[in-house]
Amino acid sequence: MVLLTVSASVDSLRPPPCTARPCNKATDGQTWFLYAALGLIALGTGGIKPCVSSFGADQFDEADKDELLKKYSFFNWFFFGINIGALLGITLLVYIQDNKGWTWGFGIPTVVMVCSIVILAAGIPKYRYQKPMGSPFTRFIQVIVVSLRNHSRGVEVGGQAAVLYEVKTKESDIVGARKLPHTTQYRFLDKAAVVTDLEDNQKTRWRLCTVTQVEEFKCFVRVLPIWASTIALSISFAQLSTFFISQAALTNRKLGPNFVIPAGSVPLFSAINALILVPIYEKWMVPILRRRTGHHRGITSLQRMGVGLFISIFALASAALVEKKRRDHYPKPFSMSVFWLLPQFFLIGAAEVFTYVGQLEFFYDEATDGTRSISSAMFLSEIGIGSWLSTALVKIIESATGGETNGWLRGTLNKSKLDYFYWILTAINALNFLVYLWVSRRYKGRHGTGISVRDGEEVEH
């Protein structure tokens, strides 16, 4: 953020103001300085986002009933806090940037980030900490390597002589992690824990893995279909900061005689919706659903994600209908009220409330003690993948329909067929919802039935 602020304020680090076409391009040095700043932001975000939700949830003691109930609510209020920040970012900061310039627009959040580090550090004596457990990827690779090696040697799982290895200690071989019960799913991976020569192999996990290590990898593999079947929604979320804003830029955004809503601030409709829905859901809907279903969260995380995916279908359908109406009946710029866009922002915000929080809950609950951060990171990677897929889809449609001059998506929105693009996204969301239903109905969570492993070196399969 410091580098971005410097880039926006120092004349030699940015191209001169564009007073006539064609504008002067940024030099290579200016471009790389900007990319370095953005790269550091991506690196820092990669450190913050996967850990902050897991670290926050780890502060609640699962053995305490009162704290356990609060933990169930944590992800809702965590998402609520995120949207407060988003609301300030797309209103106050956008207004300051429009009126005071980029230096102020970057400088203020830089100061806020410094303050946030101080606040985080102030809690260091009070936090509950989980022991560092090493890289889960190393353990995953060990399971793959050992299972493939044993398979090539003809090792079988399921015979009377097949014995699975586990350490004798109360906790698992992974420092700070609890033991996991054996499950029969993905039996091929069990070959990594089959005892062939105990004396020689138990010295290294590259030759013999524990049942807990194998089950840890199984838990990771088990959530991959759920992860893949929710990526399509991130494509729709990407429209919030792209085409939705392009639509808003051509609408009448006046509030009274003297104030105009900046086009970049229009996504506030989505953020406000989240700030309204989260308290209603947490304080009103959850108790009602809990009494009917008996589930501590009212509905399961998978059901909550399904509701969000279902709503996203109508969000993009609404966007298509509104864009069709704007192009046909309000072709003159600023003749259509920005509040016509409210339904699509409201619905996409509602979809985010259900799906995003459901994903936070799901990936945290289904992760093992040693994979919670990487599990959260895997879920958050959907945002980047969705943005990339959105860009790829735009390029494909441009190429297939006639390019930027004659295709559906042209340089001028009034000459484009943006509603066609929205209908494609609607169809993708509908198909993805059906795939998700199929995947989620077949999902077997790690808390399901399985064969418990007794404490000891050898356990009969």
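Let us start at Arg-372, a residue that is buried, with a relative accessible area of 11%. The model we are walking through is a predicted one, and Arg-372 gives us a convenient way in. Its salt-bridge partner is Asp-369, with the closest N and O atoms 3.9 Å apart. That distance still counts because the cut-off for a salt bridge is 4 Å between the side-chain nitrogen and the carboxyl oxygen. The two residues also belong to a wider arrangement, since salt bridges link Asp-58, Arg-178, Asp-369 and Arg-372 in a network.

Arg-372 also opens helix H13, which covers residues 372-401. You can check the geometry of this helix with a simple ruler. At 1.5 Å a residue, its 30 residues should span 44 Å, and the end C-alpha atoms are indeed 44 Å apart, so expectation and model agree. Just past the end of H13 comes Gly-402, which has a positive phi, near 120 degrees.

Back to charged pairs for a moment. In total, the structure holds 13 salt bridges. Have a look at Glu-215 and Lys-218, whose closest N and O atoms are 3.1 Å apart in a salt bridge. Both residues sit in helix H7 (residues 211-228), three residues apart, which is about one turn of the helix. An α-helix has 3.6 residues a turn, so residues three or four places apart point the same way. Glu-215 and Lys-218 are both buried.

A second salt bridge reaches across the sequence instead. Here the side chains of Arg-327 and Asp-419 meet at 2.6 Å, N to O. Because Arg-327 belongs to helix H11 and Asp-419 to helix H15, this pair ties together parts that are 92 residues apart in sequence. Once again both partners, Arg-327 and Asp-419, are buried.

Now turn to the aromatic residues, where the model offers plenty to explore. There are 27 aromatic pairs in the structure. One of them joins Tyr-281 and Phe-354: the ring centres are 5.6 Å apart and the planes stand at 80 degrees, so the pair is edge-to-face. Tyr-281 lies in helix H10 (residues 268-293) and Phe-354 in helix H12 (residues 342-366), so this contact ties together parts 73 residues apart in sequence. Tyr-281 has 3% relative accessibility and counts as buried; Phe-354, at 12%, counts as buried too.

Another pair, Phe-310 with Phe-433, is tilted, with 5.4 Å from centre to centre and 50 degrees between the planes. It also links distant parts of the chain, with Phe-310 in helix H11 (residues 301-329) and Phe-433 in helix H15 (residues 418-441), 123 residues apart. The two rings fall into separate accessibility classes. Phe-310 is partly exposed, with a relative accessible area of 40%, whereas Phe-433 is buried, with 14%. The cut-off explains the label for Phe-433, because buried means under 20% relative accessible area.

Some rings gather in a group: ring pairs link Phe-243, Phe-244, Phe-269, Phe-339, Phe-345, Phe-421 and Tyr-422 into a cluster. Phe-339 from that cluster appears again at the surface. Together with Tyr-95, Leu-255, Phe-259, Leu-342 and Phe-346, Phe-339 makes a nonpolar surface patch of about 540 Å². Leu-342, one of the patch residues, is found in helix H12 and is partly exposed, with a relative accessible area of 35%.

Helix H12 has an interior side to show as well. Gln-359 is placed in this helix, and at 4% relative accessibility Gln-359 counts as buried. For a sense of distance, compare the C-alpha atoms of Gln-359 and Ile-235: the two residues are 124 apart along the chain, and the atoms are separated by 16 Å.Finally, what of the cysteines? The count of disulfides comes to zero. For Cys-51, which is in no disulfide, the nearest cysteine sulfur belongs to Cys-219 and is 19 Å away. Cys-51 counts as partly exposed, at 34% relative accessibility. Cys-219 is likewise in no disulfide, and its nearest cysteine sulfur, that of Cys-209, is 15 Å away. With a relative accessible area of 6%, Cys-219 is buried.

Technical notes. Residues are numbered from 1 along each chain as its sequence is written. This is a predicted model: local features need pLDDT of at least 70, side-chain atom pairs count only at pLDDT 80 or more; totals for chains, interfaces and linings use all residues. Side-chain values use heavy atoms; hydrogens and water are left out. Rings of Phe, Tyr and Trp (its six-membered ring) pair if their centres lie within 6.5 Å; planes under 30 degrees apart count as stacked, over 60 as edge-to-face and the rest as tilted. Helices (H or I, at least four residues) and strands (E, at least two) are DSSP runs, numbered from the N terminus. Buried means under 20% relative accessible area, exposed over 50%, partly exposed in between (1.4 Å probe, protein chains only). The expected span of a helix is 1.5 Å times one less than its number of residues. Patches are made of residues with over 30% relative accessible area and no salt bridge: like charges are joined within 9 Å, nonpolar side chains (Val, Leu, Ile, Met, Phe, Trp, Tyr) within 5 Å. Accessible areas come from the Shrake-Rupley method with a 1.4 Å probe; for residues, only the protein chains shown count as cover. A disulfide is a pair of cysteine sulfur atoms within 2.5 Å.
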